[in-house]
Amino acid sequence: MLAPMPTPKAEETRNRILDAALRLFRERGFDDTTMRDVAAEAGVATGAAYYYYRSKEDLVLAFYLRTEEESAETFAKIIASTKDLRKRIAGIIDAKFEQFSAHRKLLAALLKTGVDPRNPLSPFSKETKEVRDDHIAWFWRALDGSDLKVPRDIAPHLPHLLWLYEMGLIYYWIIDDSPKQRRTHRLTGATLDLVVQLLRAASLPFMGPLRKRALKVLRAVEED
């Protein structure tokens, strides 16, 4: 039996609780905020907060899902605006930085969870698979119809590799204390140039043996 659709009032309450939690996470930090604090900030009973979200971790998972849903229109416009693969990838990554800019304190608090795939808040966990797969799909779309023809043998692996590349940049951006995270933006520009150059070179005939070796390594890792 399908679960009933939430009423507009229930959806408004759910969003109000999430908005309140994000405000408190920014102001007090994730660890120093309780569900009781969130309920008070949202103007609801503590039991009501627990009705919509079982824990602070559930609130963070809802935040991940919301950011991905809110990004969809922006990503689609970026991809539709150009066939230049570098511009498409740069646009997606820059849009993510912009979207996360108000939440760096929360993301910094969660940084320690990122390396442990058993933690439900890790980008590599089974709990975040839906958001992860949705985001990887945007790299599929960025590659599709771009100005760069990717060899067929490596094409299925590239979206996931580009997501891993983006995750590395986001982790660096979180800890980057330079003004407006300028070091991260310089790093993004320089490494993205290198990524695109390597992808162009990958199509050259003499790169075939090297691609085979790289694919062998990738498949071994994926099997584990």
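This passage describes how the two domains of the model meet, then its salt bridges, and finally the surroundings of one buried phenylalanine, F139.

The structure is a predicted model, in which local features need pLDDT of at least 70 and side-chain atom pairs count only at pLDDT 80 or more, while totals for chains, interfaces and linings use all residues. Residues are numbered from 1 along each chain as its sequence is written, and side-chain values use heavy atoms, with hydrogens and water left out.

The domain assignment divides the protein into domain 1 (1-54) and domain 2 (64-222); such bounds come from an automatic or database domain assignment. Between the C-alpha centres of the two domains there is a separation of 30 Å. Domain 1 brings 11 residues to the contact and domain 2 brings 9 residues, where contact means heavy atoms within 4.5 Å. About 770 Å² is buried between domain 1 and domain 2, with carbon and sulfur atoms giving 59% of this area. Buried area here is the accessible area (1.4 Å probe) that two parts lose on being put together, summed over both. On the domain 1 side, L22, R26 and F30 stand out: they supply 57% of the area that this domain buries against domain 2, more than any other three residues.

Turning to polar features, the rule finds 1 salt bridge across the interface of domain 1 and domain 2, a salt bridge being a side-chain nitrogen of Lys or Arg within 4 Å of a carboxyl oxygen of Asp or Glu. The interface also has 3 residue pairs in polar contact, both residues being at pLDDT 80 or more. A polar contact is a pair of N or O atoms within 3.5 Å; within protein, one must be able to donate a hydrogen and the other to accept it, and residues adjacent in sequence count only if both atoms are side-chain atoms.

In the structure as a whole there are 14 salt bridges. Side chains of opposite charge can pair when their charged atoms come close. One of the salt bridges links R66 and D19, with 2.7 Å between the closest N and O atoms. Another joins E12 to R16 at 3.1 Å. Both E12 and R16 belong to helix α1 (residues 8-28), where they are 4 residues apart, about one turn of the helix; helices are DSSP runs (H or I, at least four residues), numbered from the N terminus. E12 is partly exposed at 41% relative accessible area, and R16 is likewise partly exposed at 30%. For these classes, buried means under 20% relative accessible area, exposed over 50%, and partly exposed in between (1.4 Å probe, protein chains only).

D153 and R211 also form a salt bridge, their closest N and O atoms being 3.1 Å apart. D153 lies in the loop between α7 (129-143) and α8 (158-175), whereas R211 is in helix α10 (residues 208-223), so the pair ties together parts that are 58 residues apart in sequence. D153 is partly exposed, at 25%, and R211 is buried, at 18%. A further salt bridge connects R183 with D176 (3.3 Å, N to O). Through shared partners, salt bridges join D176, D177 and R183 into one network. Within this network, D176 is buried, with a relative accessible area of 2%, while R183 is partly exposed at 34%.

Finally, F139 sits in helix α7 and is buried, with 0% relative accessibility. Leaving aside neighbours within four places in sequence, F139 is in contact with I89, I92, P159, L162, W163 and E166. The C-alpha atoms of F139 and H160 are 7.9 Å apart, although 21 residues separate the two along the chain.

Terms used:
Helix = DSSP H or I, 4+ residues; strand = E, 2+ residues; numbered from the N terminus.
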